[in-house]
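Open the model in your viewer and keep the selection tool at hand. This tour moves from one selection to the next.

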Amino acid sequence: MATATAQGTTYHNFIDGSWIPSVSGDVFENRNPANTDDLIGVFQKSTRQDVQHAIDAARRAYEHWRLVPAPRRAEILFRAAQIMADRKVALARDMTREMGKILDETGGDVQEAIDMTFFMAGEGRRQYGQTVPSELRDKFAMSVRQPLGVCAIITPWNFPMAIPSWKIIPALVCGNTVVFKPATLTPLSALNFVKILEEAGVPPGVVNLVTGGGGEVGNAMLVSDEVKVVSFTGSTDVGRTVSEQAAPSFKKVHLEMGGKNVIMVMDDANVELAVDGCLWGGFGTTGQRCTAASRVVVHEKVYAAFVNQFVARAKALRVGDGLDPKSQMGPSVSQGQLDTVTKYVAIGKKEGAKLACGGEPLREGAYAKGFFHQPTIFTDVAPTMRVAQEEIFGPVVSVMPCRSFDEAIAIGNNVPYGLSASIYTQDINKAFAAMRDLYTGIFYVNAPTIGAEVHLPFGGTKATGNGHREAGTAALDVFSEWKSIYIDFSGRLQRAQIDTADL
Ligand code: NAD
């Protein structure tokens, strides 16, 4: 997996069951976003040739793997889940070091991968199809799931182990093979995950890992005729490119993209509970969740009380290195992400939103070598402002007043994205109406917009997704195709829709 040198640890690609360097001879560095002096390691800057090598291995391995009975495939996955559980603390530490979120949250990320792996391994004994009565005598009719072949898996950095597990594990249990390109900011967690699959007994070539940039490694996967499925999670802009580049070869393309999620706080809400939810939803993972609650719409009757509490609690959040158990919010993942945050703070001020707290990067003392920013709240935001419309992916929350339930719903829906939404109310009628009328893939009542569980479908509408879902049994639909099978045991020609008269 890695070799230690005077410059640090060098990590390799995993292709056809071997840990090998890229043919490029080039590497890239991975540094701790809380302290850039901390070099985590160097990783392979791979080329199209490396990708081709991995696709060839995956294509060959597919011929064997697709025929391994699904319950046997699942046994390997159950072992992988147990290894992950045994190593949870170390895996979480590596993850905090490379992407910054606090240890509680990286523990949650690893736990999600464990849960998904156990859950999907269970599908090795299910993957239910249908048996239906035939319209003809002495004829049997059923449908079964079949794998597709080589799957390209392209993932972001914000859930470095959970998101790969949502894709790779269902792909494997269905009998596919995988070429996996993780985000360049979080390759170590990806390697840790793949190493566990190797140790659990996944055969050579079934899972291949190639690290490197999206334009080179990612694109080589998209344009290959041998890749049959692309499962991508990332920004909407890149998702559009992925979709376009995969279209000429008619790949099945599963896209999970950006969000601009809303929490609606009604006049009958438990305001303290709503503040708890908005803090966790807005500043958990430093606001770098696709489901982050970056918008809060509050009924005018409780607006002042809500804002006072929310701002006071945000100011009190302890920002710091995620490895320090006292920290409640870590750094942004990179200089680029921090620059996006400062850019949007400037946009919000220029648009006339009121800066209620935060608004500045943290650069002094313990913060000097990381990408830290104050938890930031804009109030009196107009729903059309850019800070209320565009994904920021940082610790910035826009609070908007509303006069009624209907107005809250209209504001909630009026963004390009449709991932997650939530309502705080004690009125069951409002809760059900909001649940029906918010056009999102995920909805919460009296809980923030984050916190999905692995056994329900996950994904969004509009610019968040392209109609597929991951997690739950819905994920099986991405990584398998239906085959309908008819078995005629009558011994004579029976023509469907025609020879029905003699029945
Ligand atoms: P990104 O779009 O920059 O990158 C995602 C992945 O795509 C990375 O592995 C990257 O290297 C790769 N990539 C980049 N250009 C490519 C290209 N031309 N061809 C192929 N691959 C390419 O996203 P990010 O910054 O890593 O992650 C943040 C984004 O991810 C946010 O927009 C967030 O909302 C989204 N996200 C969505 C979900 C969801 O389930 N909806 C979950 C997590 C994150």
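What follows is a walk through a predicted model, from its domains to its salt bridges.

**Stop 1: the two domains.** Colour residues 2-124, 134-257 and 465-483 as domain 1. Give 262-445 a second colour; this is domain 2. Taken over C-alpha atoms, the two centres are 31 Å apart.

**Stop 2: where they meet.** Now show the contacts between the domains. Domain 1 brings 21 residues and domain 2 brings 25. Together the domains bury about 2000 Å² between them. Carbon and sulfur atoms carry 63% of that area. Select Ala34, Glu105 and Trp157 in domain 1. These three lose the most area to domain 2, together 25% of what the domain 1 side buries.

**Stop 3: polar links across the interface.** How many salt bridges cross between domain 1 and domain 2? There are two. Zoom in on Glu105 and Arg289, whose side chains form a salt bridge with N to O at 3.8 Å. Six residue pairs are in polar contact between the domains. Next, highlight strand E6 (35-44), helix H3 (88-99) and helix H4 (103-122). Each gives two or more residues to the side of domain 1 that touches domain 2. H3 supplies the largest share, four residues. By class, that side has nine nonpolar, six polar and six charged residues.

**Stop 4: a salt bridge to helix H6.** The whole structure holds 27 salt bridges. Select Arg87 and Glu199. Their closest N and O atoms are 2.5 Å apart. Arg87 sits in the loop between helix H2 (70-86) and H3, while Glu199 is in helix H6 (residues 187-200), so the pair ties together parts 112 residues apart in sequence. Is Arg87 buried, partly exposed or exposed? Arg87 is partly exposed, at 31% relative accessibility. Glu199 is also partly exposed, at 38%.

**Stop 5: a network in domain 2.** Move to Asp268 and Lys430. They form a salt bridge, with the closest N and O atoms 3.5 Å apart. Asp268 lies in the loop between strand E14 (262-265) and helix H9 (271-283), and Lys430 is in helix H14 (residues 428-437), so this pair ties together parts 162 residues apart in sequence. Asp268 is partly exposed, at 23% relative accessibility. Add Asp427 to the selection. Asp427 forms a salt bridge with Lys430 too, at 3.9 Å between the closest N and O atoms. Asp427 is partly exposed, with a relative accessible area of 25%. Finally, add Asp267 and Lys301. With Asp268, Asp427 and Lys430, they are linked in a network of salt bridges.

How values were computed. Residues are numbered from 1 along each chain as its sequence is written. This is a predicted model: local features need pLDDT of at least 70, side-chain atom pairs count only at pLDDT 80 or more; totals for chains, interfaces and linings use all residues. Side-chain values use heavy atoms; hydrogens and water are left out. Domain bounds come from an automatic or database domain assignment. Contact means heavy atoms within 4.5 Å. Buried area is the accessible area (1.4 Å probe) that two parts lose on being put together, summed over both. A salt bridge is a side-chain nitrogen of Lys or Arg within 4 Å of a carboxyl oxygen of Asp or Glu. A polar contact is a pair of N or O atoms within 3.5 Å; within protein, one must be able to donate a hydrogen and the other to accept it, and residues adjacent in sequence count only if both atoms are side-chain atoms. Ala, Val, Leu, Ile, Met, Phe, Trp, Tyr, Cys and Pro count as nonpolar, Asp, Glu, Lys and Arg as charged, and the others, Gly among them, as polar. Buried means under 20% relative accessible area, exposed over 50%, partly exposed in between (1.4 Å probe, protein chains only).
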